[in-house]
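Student: I have a new model open and would like to work through it with you. Shall we start with a term we will need?

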Amino acid sequence: MLPLKLRTLLITAIFLSTLGALPADDSKIPKQEFGLEEGLLPEDISTFPELKTWAIYQSYELEPDSPHLGLEDSICRMVPESGLRFLLDKPSNTKSTVYLYLDLTKYRPLKGSKFKPRKLQILVNGKPKRSILTERNQGFQNPVEIPLEPSEYPDGKIYVELLPSQNSVGRFWGIWDAFVVENRLDEKE
């Protein structure tokens with residue numbers, strides 16, 4: 001394990017090196033990047049290499065951070081057992097459905113692994129919107145898509161809450177990126 005100062009420096013370097021990767025026209029897309037936040041514990045943030053190493057010891061394979069909208073930075077905000085809540089601002093002048101996308105950590109069990117089912121409840125502005133289940137023979141598609149009507153965020157605030165099931169001990173779940181777009185992502189992206 002790297003010393004905390006070195007780990008923070010590396011995370012900072014990785015995060016700052018990706019800031020120039022976003023195209024200029026994507027600046028209007030409400031997004032949440034989880035690279036650096038004040039007051040976090042070291043276990044609140046993980047990088048792809050750290051999670052991949054953990055996954056190997058569990059006999060899992062980790063799906064990488066998806067490259068949608070140039071947000072791939074391989075830095076993940078882990079979801080504590082108590083859950084995680086964050087805010088996305090979307091101007092409320094939209095008169096049609098918008099789409100919230102969550103790029104979550106996703107593991108595939110390898111042969112011989114002990115992979116117990118785990119569930120993640122997704123709430124938007126306090127209302128349950130979707131439940132994600134991962135088990136040995138069933139997974140989910142990343143990024144997770146949640147359509148939102150304008151009436152569901154009248155003030156332009158989209159509070160997203162991720163709540164792991166009671167059997168999800170530790171920090172199994174994590175989120176790479178979250179973003180809201182007015183048009184659905186193309187299947188080919």
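Tutor: Happy to! A residue is called buried when its relative accessible area is under 20%, exposed when over 50%, and partly exposed in between. Keep in mind that this is a predicted model.

Student: Is Asp73 buried or exposed?

Tutor: Asp73 sits in the loop between β3 and β4. Its relative accessibility is 4%, and the cut-off for burial is under 20%. Asp73 therefore counts as buried.

Student: Which backbone atom does the side chain of Asp73 reach?

Tutor: Look along the loop towards β4, which spans 75-78. At a distance of 3.0 Å, the Asp73 side chain finds the backbone nitrogen of Ile75.

Student: In what order do the four strands of the open sheet run?

Tutor: Start with the edges: β5 and β9 each pair on one side only. β11 pairs with β5 over six bridges and with β8 over five bridges, antiparallel in both cases. The order is β5-β11-β8-β9.

Student: Which side chains of β5 point to the buried face?

Tutor: The side chains alternate along this strand, residues 84-89. Arg85, Leu87 and Asp89 point to one face and are not buried. On the other face, the buried ones are Leu84, Phe86 and Leu88.

Student: Which residue stands opposite Asp89 in β11, and how far apart are the closest N and O atoms of their salt bridge?

Tutor: The residue opposite Asp89 is Lys157. Lys157 is partly exposed at 30% relative accessible area, and Asp89 is partly exposed at 42%. Because Lys157 lies in β11 and Asp89 in β5, their salt bridge ties together parts 68 residues apart in sequence. The partner is Lys157, and the closest N and O atoms are 3.0 Å apart.

Student: How many residues apart in sequence are the parts tied together by Arg77 and Asp44?

Tutor: The two side chains meet in a salt bridge at 3.9 Å, N to O, and both residues are buried. Arg77 belongs to strand β4, while Asp44 is in the loop between β1 and β2, so the parts they tie together are separated by 33 residues.

Student: Which residues touch the most other members of the largest nonpolar core?

Tutor: That core has 35 residues. Take Leu102 as an example: its contacts include Phe86, Ile122, Val160 and Leu162. Ile122 and Leu162 are also bridge partners. The residues touching the most other members are Phe86, Leu100, Leu102, Leu104 and Leu162.

Definitions and conventions
Residues are numbered from 1 along each chain as its sequence is written. This is a predicted model: local features need pLDDT of at least 70, side-chain atom pairs count only at pLDDT 80 or more; totals for chains, interfaces and linings use all residues. Side-chain values use heavy atoms; hydrogens and water are left out. Helices (H or I, at least four residues) and strands (E, at least two) are DSSP runs, numbered from the N terminus. Buried means under 20% relative accessible area, exposed over 50%, partly exposed in between (1.4 Å probe, protein chains only). A polar contact is a pair of N or O atoms within 3.5 Å; within protein, one must be able to donate a hydrogen and the other to accept it, and residues adjacent in sequence count only if both atoms are side-chain atoms. Two strands pair if DSSP finds at least two bridges between them. A nonpolar core is a set of buried Ala, Val, Leu, Ile, Met, Phe, Trp, Tyr and Cys residues joined through side-chain atoms within 4.5 Å. Contact means heavy atoms within 4.5 Å. A salt bridge is a side-chain nitrogen of Lys or Arg within 4 Å of a carboxyl oxygen of Asp or Glu. Lists of a residue's contacts leave out its neighbours within four places in sequence.
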